[in-house]
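Reader: I am new to this structure and would love a close look at how its helices pack. Could you walk me through that part slowly?

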Amino acid sequence: MALGDGFGFDRDLDLDGALRSLDAVQLAKVSGRLVRVSGLLLESLGCRRATGQRCMVEQADGSLLDAQVVGFNRDTTYLMPFKKPVGLAAGSRVFPAEEQAALRIDESWLGRVVNGLGEPLDELGRLGGRDPLSTQLPTVNPLKRRPVTEALDVGVRAINGLLTLGKGQRVGLFAGSGVGKSVLLGMITRQTKADVVVVGLIGERGREVQEFIQHSLGEEGRRKAVVVVAPANESPLMRLKATELCHSIAAYFRDQGRDVLLLVDSLTRYAMAQREIALALGEPPATKGYPPSVFGMLPELVESAGNGVAGSGSLSALYTVLAEGDDQQDPIADSARAILDGHIVLSRRLADIGHYPAIDIGASVSRCMAQVGDPQQLRAARQFKEFHGTYEKIRELIPLGGYTAGLDARTDRAVQLAPALERFLRQEVGEGADLAASRETLQTVLRG
């Protein structure tokens, strides 16, 4: 049959195509082998991957464990698993993971609960969306970032009146354990006026997840929220991923023109997760066991929050910071205080006497209040703090007879206003106090 004949020509083309397709056939599956397990750190040979890439490690039951490359030393690759291993043996095969499909996001994520990899935990079906979601921390050119110019109503009288926050501000909630951080966070979550709420529950007790969703968010709040969960029993790598995913989700909705509130509980657990990874890799400890890389990652994380470019929405962030042993000079607390736009300190002394929220007004500050508060409110807030500070200095002397009225007019005025000042600072969990009402009440207290 002639070469130009239609039937023969098509047969030759099919043969050429089949031969070329053999070039794409993988004749062997490349794998490395596991040579050492030290705590959460896995060491392998023969599976050469770049840092940040994924691998699959063969387990005793035949399943594959998802892990990520976190470092290397000559020919040895260091891996960290995302989940708890189920039986690893020397010589277990390590395969390069297939390329992961990029996460996609849209409004369908609202009302969902996911883990650090974006996998649903709420059994409401798989997640999808129209827009790709970067797993890297978002960045904004500092010269193009929109400034904080509008007040944020958080529904807590002491904060609205004396520590007014702004849309796009990054604030830390500093306290020791058991002082009421989670309760105050819940109050702010329910009452803050925001289009979207992104919650990161990082390294906390697992039982708090359901409690936060049911009691702090509630049915109405959950419909506009995305909750990212990595409790204390998750691997440090998963805790890192969950914290960074929170920021990526919040930045996505901000860039869609929404007013977003990002809540991360807690920033300290994020730092502890990085400490575990860094120490496992042999990084030397610096301050209180924290390696230098921790103090490099915190600013990078915090700077990914805040307002975006002109025309986008706002992204206000609230981070809880655990002051271990109520030490406000704890290295993580001290570092966070330097890079955040304000700090709200909770006092154990106030919590012990049933004063909630236990906000220490004298030790707290909002660095954006001057930009979002009117001059009248700023003057009133300064006067309130002066009277409150004066009374605190002599409070313990009054029962001992160490205070005599009439000797100092300013001290007399502080003692006279003390009950009203305390009532202003106290607030029940279910009680709301919007921004306008808080400012008006502040003026009324000082006139009384």
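Author: Here is a friendly tour of the helix pairs, followed by some of their surroundings.

This is a predicted model, in which local features need pLDDT of at least 70 and side-chain atom pairs count only at pLDDT 80 or more, while totals for chains, interfaces and linings use all residues. Residues are numbered from 1 along each chain as its sequence is written, and side-chain values use heavy atoms, with hydrogens and water left out.

Some vocabulary helps at the start. Two packed helices are described by the angle between their axes and the distance between the axes. Axes are lines fitted to C-alpha atoms, for helices over the stretch in contact, and angles run from 0 to 180 degrees between N-to-C directions. Helices (H or I, at least four residues) and strands (E, at least two) are DSSP runs, numbered from the N terminus.

Let us begin with helix α3 (residues 181–191) and helix α4 (residues 207–222), whose axes are 9 Å apart at an angle of about 40 degrees. That angle makes α3 oblique to α4; angles under 35 degrees count as roughly parallel, over 145 as roughly antiparallel, 65 to 115 as roughly perpendicular and the rest as oblique. The crossing of α3 and α4 is right-handed, a crossing being left-handed if the near helix is turned anticlockwise from the far one by less than a right angle, and right-handed if clockwise. On the α3 side, S182, L185, G186, T189 and R190 make the contact (heavy atoms within 4.5 Å) with E208, F212, H215, S216 and L217 of α4. By class, the residues of this α3 and α4 contact are three nonpolar, five polar and two charged. Here Ala, Val, Leu, Ile, Met, Phe, Trp, Tyr, Cys and Pro count as nonpolar, Asp, Glu, Lys and Arg as charged, and the others, Gly among them, as polar.

Next come helix α5 (residues 236–255) and helix α6 (residues 267–280), which pack at about 140 degrees with axes 8 Å apart. With that angle, α5 is oblique to α6, and their crossing is left-handed. From α5, the residues P236, L237, R239, L240, T243 and E244 meet R269, Y270, A273, Q274, E276 and I277 of α6. This contact of α5 with α6 has six nonpolar, two polar and four charged residues. In the loop between β15 (259–265) and α6 you will find S266, and the peptide bond from D265 to S266 is cis, with omega near 15 degrees. For context, most peptide bonds are trans.

The third pair is helix α11 (residues 375–394) with helix α13 (residues 435–447), packed at an angle of about 50 degrees with axes 10 Å apart. That makes α11 oblique to α13, in a left-handed crossing. Residues Q376, Q377, A380, A381, Q383, F384 and F387 of α11 meet R439, L442, Q443, V445 and L446 of α13. The classes in the contact of α11 with α13 are seven nonpolar, four polar and one charged. Helix α11 also holds L378, which touches M369, A370 and G373, not counting residues up to four places away in sequence.

Finally, step back to the domains, whose bounds come from an automatic or database domain assignment: domain 1 (32–96), domain 2 (104–371) and domain 3 (378–447). The C-alpha centres of domain 2 and domain 3 are 31 Å apart, and 26 residues of domain 2 contact 23 residues of domain 3.
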